[in-house]
Every structure is written in structure tokens, then in C-alpha cells.
Amino acid sequence: MRQSDSAATPAPHVADSPATGGGSRPFGVHFRMAGWKALIVIAVLPATLLVTQLGLYLLAALVESGDPFAPELTPLKLLAANVSTGLTALLALALAGWFAKVPWRVVFSAPRSFDHRRLVTYFLGSVVIVGLAMGVVGLTAPEQVGWTGLSITGTTAGLLTVMLLSTPMQTVGEEIMFRGVLLPAAGSWFRSAKPAFLTGLTLSSVMFALLHGSSDPLLFAYYLFFSVCTAVMGLLTRGLEAAIAFHAANNLMMTTLNAVLSGGGAVAVERSEGSTGGLALLLPAAGSLAVLVMVGVRERSRRRS
């Protein structure tokens, strides 16, 4: 028996609220809002993220006496990026509650309750898969990701500390914003579930890729693929646990490797055209697909038990 699903009582506010389509729509488009409200959400959240991040970047540069637009990621700039995402996610939750008239819990899972066992299980599985993919990158194409050599300095320690303290907030924030709120907002323009989900999936994934600021077509495609995988995880599991777990495992491992293998300095963040490619993108993309397959297989097993 699926203990987490059987123990979780379906939330009345999901099944009964007009904003949810009577519980007939799958997770990701399970709540709706008026079309003009959806436009506000789609416009306000990215703008808030950009403005907040720019302001915190400027503050970080003032403290560090550096260039806020330099491609190097310092500890304070990493903190600025993560905090700006967390703050925007809080706004996303508020807008979802205000416009769709649903409790904030519905953004995370519906109609079931949030499942911490899923979160832990998928995090551990993602760590293994992402670790294997990154290990192969390190063995075959370290120069493509700027891994110049192992070194631990004060900057390295600062990056790792900030990462441990704030990256979980950043990954949860991005899942709330893009998969938990923007996707349903865009899907609100359609009553039928399939066009609603496909529209929300397309818009939220494109926005996710755009806001990562890459002009390289291959890197842009990777961000699109990453977003699609996490959105489908939400559809399969009826919640954000798997997407959050995978996103957190990916970012924590990537940031750790980038910090300790960058020669002891700030992490170089290069997203211009031609900056990366080949195995440096193919293997992480394969890892994303492998995690999605893992989630699909396990969810099917849970339904059969």
C-alpha cells in the first residue's frame, strides 16, 4: 500500500474550489485564475526576479568593490541570486493565493498532501544519477565546464557556505515560481487539461530558459529540456517533491564541483554563444532524462502496489 498517498486525505479546497476545475485537471494546471490575472502573474514574477537580483547584485558589488556584471560568481553574488529567487517565490505564492483563491499548500501538491518521503527518496536517487553524469564530465571534458584543478581557498569556503545555506531556497523558489505558479497561470486560458498543460509547459519552460541569461543555443536548449523534465515530474507525481529534489541535487552538486575545481577563485559563469557544448551539456541532459525515468518507474510501481 502507498502509505503516503493512502494516509493523505484529499484536500477539500482542491476538489471543491471553482478555481480548480472540480479536481478534474492534473497537477500543474489543477488551479485556475482569470485570464487578466494570469497575464499579471506572467509579467510580474519575471520582472520582480530581475529587479530584485539586479539590486542585490549591485549591493554585493558595492560590498566587494567589484563589477556586478562580471561573469565571475562570488559568494555574495551567489547569495544575491539565491535570495532574489526566494523572495520572488514568496510573491508567487501570494499571487496564487490571491488570484486563484487557493491555499499556498496547493502550489506544492494536489489533491494529496505534501510527501516528505518522496522528497528524500528522489533527492537521494538524483544525487546518484547527477553524480554519475558529472563524474563522466570530469573525466572526459573538464575544460568545457572550466574545471582547472582542485583548490580550497577562502573564496571556495565562502561559496560552499553560501551554497549550503541558500541553494535549497533557490531551488525550491524556482520550482514554486516556474512549475508551481507560472505553469498553472498560463494554463488558465484553457478549460481542457491537455492544451492547458502544454501551453503552461511551453511558456514556463521558455521563461525559465530566458531568465537564465544564455545566448548560446545549446545551453538555452538544455535549460528548456531541464524545465520540461521537472514539469513532467510534477505531472507524474501530482506535486513538486520530485522536481524540488532533482533541482536541489543538481544545483548543490554542480555548485560544489564548480567551487572546488575552479582553481580557488570565483566561479566563472560563461553563457555566451559557443561557451559550452558537447559532453558538458549532453551528459547533464541525459542525467535529467534518467531522473525523469526513475520518477516515472517509481510512481507507476506505487500505483500498482
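About 40 Å³ of space lies in the largest cavity of this predicted model, so let's start the tour there, inside the protein. Counting cavities of 30 Å³ or more gives two. Who lines the largest one? Walk around it and you meet Val130, Ala133, Met134, Phe246, Asn250, Leu283, Pro284, Gly287 and Ser288. The elements that bring two or more residues each to that lining are α6 (116–140), α10 (241–260) and α11 (279–304). Of these, α11 gives the most, with four residues. As for chemistry, the lining of the largest cavity splits into six nonpolar residues, three polar ones and no charged ones.

Now move over to the second largest cavity, which holds about 30 Å³ of space. Its lining is made up of Phe27, Gly28, Arg179, Leu183, Phe197, Ala231, Gly234, Leu235 and Leu240. Two helices, α7 (154–187) and α9 (217–237), supply at least two residues each, and the largest share, three residues, comes from α9. By class, the lining of the second largest cavity has six nonpolar, two polar and one charged residue.

From α7 it's an easy step to a helix that packs on it, α3. The axes of α3 and α7 are 8 Å apart, and the angle between the two helices is about 150 degrees. Angles over 145 degrees count as roughly antiparallel, and therefore α3 and α7 are roughly antiparallel to each other. The crossing of α3 past α7 is left-handed. If you want to pick out the side chains, look for Ala38, Val41, Ile42, Leu45 and Leu49 on α3, which make the contact with Met177, Val181, Leu182, Ala185 and Ala186 on α7. That contact is made of 10 nonpolar residues, with no polar and no charged ones.

Helix α3 (residues 35–64) has another partner to look at, helix α8 (residues 193–211): here the packing angle is about 15 degrees and the axes are 12 Å apart. That angle makes α3 roughly parallel to α8. This time the crossing is right-handed. On the α3 side you'll find Ile42, Pro46, Leu49 and Leu50, and they meet Leu203, Met207 and Leu211 in α8. The class count for this contact reads seven nonpolar, no polar and no charged residues. Keep an eye on Ile42 and Leu49 while you rotate the model: both take part in the contact with α7 and also in the contact with α8.

Finally, have a look at the backbone on either side of the short helix α5. Most residues other than glycine have a negative phi, and most peptide bonds are trans. Where does Lys101 lie? You'll find Lys101 in the loop between α4 (75–100) and α5. Lys101 is not a glycine, yet it has a positive phi of about 60 degrees. Go on to the loop between α5 (105–108) and α6, and you come to Pro111. The peptide bond that leads from Ala110 into Pro111 is cis, with omega near 5 degrees. Past that loop comes α6, and with α6 you are back at one of the helices that line the largest cavity.

Methods. Residues numbered from 1 in each chain as written. Predicted model: local features only at pLDDT ≥ 70, side-chain atom pairs only at ≥ 80, totals over all residues. Heavy atoms only, no water. Axes fitted to C-alpha atoms, helices over the stretch in contact; angles between N-to-C directions. Parallel < 35°, antiparallel > 145°, perpendicular 65-115°, else oblique. Left-handed = near helix turned anticlockwise from the far one by under 90°. Contact = heavy atoms within 4.5 Å. Nonpolar A, V, L, I, M, F, W, Y, C, P; charged D, E, K, R; others polar. 1 Å grid on protein atoms, 1.4 Å probe; cavity = no way out; pocket = protein on both sides within 12 Å on 5 of 7 lines; lining within 4 Å. Points joined across faces, edges and corners; volume = space filled by probe spheres on them.
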